[in-house]
Amino acid sequence: MSSSSMISLDAVKNLGFSADELAEIDTHATEGAVDLWKISSTLEELPQR
């Protein structure tokens, strides 16, 4: 396996982000119109098993 195809966990060694870095991440972090609770929020009661 070549080094370019290996997965590195070195990124977890530095989990501190500056305010500028967090702002940049926020520009890319969107939900993409995904509503994880859509079905459960419309249920009137739980389905019976």
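A nonpolar patch, as the word is used here, joins nonpolar side chains within 5 Å of each other, from residues with over 30% relative accessible area and no salt bridge. With that in hand, here are some views of this predicted model.

**View 1. The whole chain, with two helices and zero strands.** Welcome to a chain of 49 residues, of which 0% count as buried. About 5,400 Å² of the chain is exposed, and 59% of that area comes from carbon and sulfur atoms.

**View 2. A nonpolar patch on the surface.** Four names to look for here are Ile7, Leu9, Val12 and Leu15. Together they make a patch of about 500 Å².

**View 3. A closer look at leucine 15, a member of the patch.** You will find leucine 15 in the segment before α1, the helix that spans 19-28. Leucine 15 counts as exposed because its relative accessible area is 60%, and the cut-off for exposed is over 50%.

**View 4. Aspartate 10 and lysine 13 form a salt bridge.** Side chains of opposite charge can pair when their charged atoms come close. Here the N to O distance is 3.2 Å, and a search of the whole structure finds one salt bridge. How exposed are the two partners? Aspartate 10 is partly exposed, at 48% relative accessible area, while lysine 13 is exposed, at 69%.

Note on methods:
Residues are numbered from 1 along each chain as its sequence is written. This is a predicted model: local features need pLDDT of at least 70, side-chain atom pairs count only at pLDDT 80 or more; totals for chains, interfaces and linings use all residues. Side-chain values use heavy atoms; hydrogens and water are left out. A salt bridge is a side-chain nitrogen of Lys or Arg within 4 Å of a carboxyl oxygen of Asp or Glu. Buried means under 20% relative accessible area, exposed over 50%, partly exposed in between (1.4 Å probe, protein chains only). Patches are made of residues with over 30% relative accessible area and no salt bridge: like charges are joined within 9 Å, nonpolar side chains (Val, Leu, Ile, Met, Phe, Trp, Tyr) within 5 Å. Accessible areas come from the Shrake-Rupley method with a 1.4 Å probe; for residues, only the protein chains shown count as cover. Helices (H or I, at least four residues) and strands (E, at least two) are DSSP runs, numbered from the N terminus.
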